[in-house]
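Student: Please take a close look at one part of this structure, the aromatic rings and what surrounds them. I am new to it, so a connected account would help.

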Amino acid sequence: MNKMDVSALKARVDLCELAGRYTTLNPWGRSGELAGPCPQPRCPADEDGFHVHPDGWWKCYSCHPKRSDAIAWVLWLGLASDFRAACQWLADLSDSQTLLASARQP
């Protein structure tokens, strides 16, 4: 997958919807950001420590404080073993299910 393909893939994925499959997320502020418990079992975060933003980034204030993208999220949860596998995992998911950013309601 070349750089352009990776950018297009990340733009297609609705990270808020995807992360919501692994934890309970609630609105946080006015920006569309969502917060909830960290989906990482070993994380000591409180119930609002994990944040996901509609712009395509996520972070956990306790165990992963750096903003990261959907590919890093797949790797962090152990859903894929390497970068290429994470890209393929997201591509397969976005092709087979409705996780397209364009499908989100404003």
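**The aromatic rings and their surroundings**

Tutor: The count of aromatic pairs comes to four, in a model that is predicted. One of these pairs is made by Phe50 and Trp58, with ring centres 6.0 Å apart and planes at 35°. Rings count as stacked when their planes are under 30 degrees apart and as edge-to-face over 60, with the rest tilted, so at 35° the pair of Phe50 and Trp58 is tilted. Phe50 is buried, and Trp58 is buried as well.

Phe50 also forms an aromatic pair with Trp76. Here the distance from centre to centre is 6.1 Å and the angle between the planes is 5°, and this pair is stacked. The pair links distant parts of the chain, since Phe50 belongs to strand β3 and Trp76 to helix α3, which covers residues 70-76. Along the sequence, 26 residues separate Phe50 from Trp76. Trp76, like Phe50, is buried. Through such ring pairs, Phe50, Trp58 and Trp76 are linked into a cluster. A pair of aromatic rings is described by the distance of the centres and the angle of the planes.

To place these rings, consider the whole protein. There are five strands and four helices. In sequence order the pattern is α-α-β-β-β-β-β-α-α. The protein has 106 residues, and 42% of them count as buried. Among contacts with a separation of 6 or more, 39% are between residues 24 or more positions apart. The accessible surface comes to about 6,200 Å², and 51% of that belongs to carbon and sulfur atoms.

Phe50 leads on to the nonpolar interior. The largest nonpolar core has 28 residues, and the members that touch the most other members are Phe50, Val52, Trp73 and Leu90. Two or more residues of this core come from each of α1 (3-12), α2 (15-19), β3, β4 (57-60), α3 and α4 (83-96).

Trp73, another of those core members, is found in helix α3. Its relative accessibility is 0%, and because buried means under 20%, Trp73 counts as buried. Leaving aside neighbours within four places in sequence, Trp73 is in contact with Phe50 and Trp58, two members of the ring cluster, and also with Leu15, Leu18, Ala19, Tyr22, Pro39 and Leu79. Trp73 and Leu15 are 58 residues apart along the chain, yet their C-alpha atoms are separated by 8.9 Å.

Two polar residues touch the cluster. The first to consider is Gln40, which is placed in the loop between β2 (34-36) and β3 (50-53). At 7% relative accessibility, Gln40 counts as buried. Beyond residues up to four places away in sequence, Gln40 touches Cys63, Trp76 and Leu77. With Trp76 there is a polar link too: a polar atom of the Gln40 side chain lies 2.9 Å from the backbone oxygen of Trp76.

The other is His64, in strand β5, residues 64-68. His64 has a relative accessible area of 18% and is buried, because the limit for buried is under 20%. Setting aside residues up to four places away in sequence, His64 touches Trp58, Lys59 and Trp76. The side chain of His64 also reaches the backbone oxygen of Lys66, at 3.1 Å.

One further ring has a charge beside its face. The charged end of Arg67 sits over the ring of Trp57, at 3.9 Å from the ring centre.

For contrast, return to the loop between β2 and β3, where Glu47 also has its place. Is Glu47 buried or exposed? Glu47 is exposed, with a relative accessible area of 61%, whereas Gln40 is buried at 7%. Not counting residues up to four places away in sequence, Glu47 touches Gly36 and Pro37. Glu47 and Ala35 lie 12 residues apart in sequence, with 8.1 Å from C-alpha to C-alpha.

Terms used. Residues numbered from 1 in each chain as written. Predicted model: local features only at pLDDT ≥ 70, side-chain atom pairs only at ≥ 80, totals over all residues. Heavy atoms only, no water. Buried < 20%, exposed > 50% of the residue type's maximum accessible area, 1.4 Å probe, protein only. Contact = heavy atoms within 4.5 Å. Areas by Shrake-Rupley, 256 points an atom, 1.4 Å probe, with all protein chains shown as cover. Polar contact = N/O pair within 3.5 Å; in protein donor to acceptor, adjacent residues only side chain to side chain. Phe/Tyr/Trp six-rings, centres within 6.5 Å; stacked < 30°, edge-to-face > 60°. Lys NZ or Arg CZ within 6 Å of the ring centre and 35° of its normal. Core = buried A, V, L, I, M, F, W, Y, C linked by side-chain atoms within 4.5 Å.
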